[in-house]
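Work through the exercises below with the sequence and the structure at hand. Each task is followed by a solution in steps.

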Amino acid sequence: SSREGWFGHMGRIDAIRLPLLAPDFREREIFCCGPDPFMRAVRGMLDAAGFDMAKYHQESFAAPAVEEIPAPFSPPAEDGAAAAVEAVTPIRFSLSDVDAECVAGQTVLQTARASGVRIPAACEFGLCGTCKVRKVAGDVEMSHNGGILDHEIEDGFILACCSKPLSALEIEA
Ligand code: FES
């Protein structure tokens with residue numbers, strides 16, 4: 001499995017693991033970021049452990065409001081020109097040996113899913129980095145939220161969940 005070679009803790013932090021990981025946690029400032037139920041559980045655990053909640057800070061982890069989703073087809077032009085032709089961009093997923101077509105407005109992740117290519121993903125708004133894949137060829141427009149570092153971008157990596165093709169792509173997935 002992908003966890004082979006990992007000997008550290010797994011799963012959520014709890015009242016038993018917290019003092020093992022940070023014996024002096026009561027003296028520390030604690031910063032928490034994650035989905036709401038997770039942060040609620042952390043707050044409850046700290047409160048129960050007698051932590052001074054004035055030293056607890058959190059950042060909510062919520063998807064920004066989705067802007068209106070663009071229609072997949074452009075309406076036919078008044079003059080009957082060939083505007084009804086769907087705009088698609090080819091994406092080659094090299095490891096899966098799949099040639100897919102990305103409909104205008106779709107992300108690399110959505111295209112992968114629509115064509116049966118598995119790219120792991122979690123937050124789906126460019127924060128967690130789970131969907132990081134290497135781009136072998138082509139250009140994308142990527143609007144991430146910190147889930148990828150500059151040097152990774154320079155090395156050709158993209159976050160599939162928030163990248164849209166600007167040209168034909170080849171992706172290592
Ligand atoms: S799924 Fe979290 S950054 Fe893409």
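**Exercise 1. State whether Arg134 and Glu172 are buried, partly exposed or exposed, and describe how the two residues are linked.**

Solution.
- Step 1. Arg134 has a relative accessible area of 31%, so Arg134 is partly exposed. The model is a predicted one, and this value is computed from it.
- Step 2. Glu172 is partly exposed as well, because its relative accessible area is 32%.
- Step 3. Partly exposed covers the range between under 20%, which is buried, and over 50%, which is exposed.
- Step 4. A salt bridge joins Glu172 and Arg134, with 3.5 Å between the closest N and O atoms.
- Step 5. This pair connects distant parts of the chain, since Arg134 lies in strand β5 and Glu172 in strand β9, 38 residues apart.
- Step 6. The strands themselves also pair: β5 (residues 132–137) and β9 run antiparallel and are joined by three bridges. Within this pairing, Arg134 stands opposite Glu172.

**Exercise 2. Find which side chains of strand β9 are buried, and name a bridge partner of β9 in strand β3.**

Solution.
- Step 1. In a regular strand, side chains alternate between the two faces of the sheet.
- Step 2. Strand β9 (residues 169–172) shows this alternation. Leu169 and Ile171 point to one face and are buried, while Glu170 and Glu172 point to the other and are not buried.
- Step 3. Strand β3 (residues 88–93) pairs with β9 in the parallel sense, over three bridges.
- Step 4. Phe93 has Ile171 of β9 as its bridge partner.

**Exercise 3. Trace the salt bridges of Arg92 and give the exposure of each residue involved.**

Solution.
- Step 1. Arg92 forms a salt bridge with Asp97, the closest N and O atoms being 2.6 Å apart.
- Step 2. Arg92 also forms a salt bridge with Asp99, where the closest N and O atoms are 3.0 Å apart.
- Step 3. Asp97 has 57% relative accessibility and therefore counts as exposed. Asp99, at 60%, counts as exposed too.
- Step 4. Arg92 has a relative accessible area of 25%, so this residue is partly exposed.
- Step 5. Through shared partners, the salt bridges join Arg92, Asp97 and Asp99 into one network.
- Step 6. The whole structure holds seven salt bridges.

**Exercise 4. Compare the span of helix α2 with the expected one, then locate its buried residues.**

Solution.
- Step 1. Helix α2 (residues 36–48) has 13 residues, which should span 18 Å at 1.5 Å a residue. The end C-alpha atoms are 18 Å apart, so the two values agree.
- Step 2. The buried residues of α2 are Met39, Val42, Met45 and Leu46.
- Step 3. They cover an arc of only 125 degrees around the axis and therefore lie on the same side of α2.
- Step 4. An α-helix has 3.6 residues a turn, so residues three or four places apart point the same way.
- Step 5. Cover for the buried residues of α2 includes α1 (17–21), β1 (30–34) and β2 (56–60).
- Step 6. Exposed residues Asp47 and Ala48 sit on the face turned away from the buried side.
- Step 7. Just after α2, Gly50 takes a positive phi of about 80 degrees.

**Exercise 5. Place Thr107 in the chain and decide whether Thr107 is buried or exposed.**

Solution.
- Step 1. Thr107 is in the loop between β4 (98–103) and α3 (108–114).
- Step 2. Its relative accessible area is 9%, so Thr107 is buried.
- Step 3. Leaving aside residues up to four places away in sequence, Thr107 touches Cys102, Ala160, Cys161, Ser163 and Lys164.

Notes. Residues are numbered from 1 along each chain as its sequence is written. This is a predicted model: local features need pLDDT of at least 70, side-chain atom pairs count only at pLDDT 80 or more; totals for chains, interfaces and linings use all residues. Side-chain values use heavy atoms; hydrogens and water are left out. Buried means under 20% relative accessible area, exposed over 50%, partly exposed in between (1.4 Å probe, protein chains only). Helices (H or I, at least four residues) and strands (E, at least two) are DSSP runs, numbered from the N terminus. Two strands pair if DSSP finds at least two bridges between them. Contact means heavy atoms within 4.5 Å. The expected span of a helix is 1.5 Å times one less than its number of residues. The arc is that of the directions from the helix axis to the C-beta atoms. A salt bridge is a side-chain nitrogen of Lys or Arg within 4 Å of a carboxyl oxygen of Asp or Glu.
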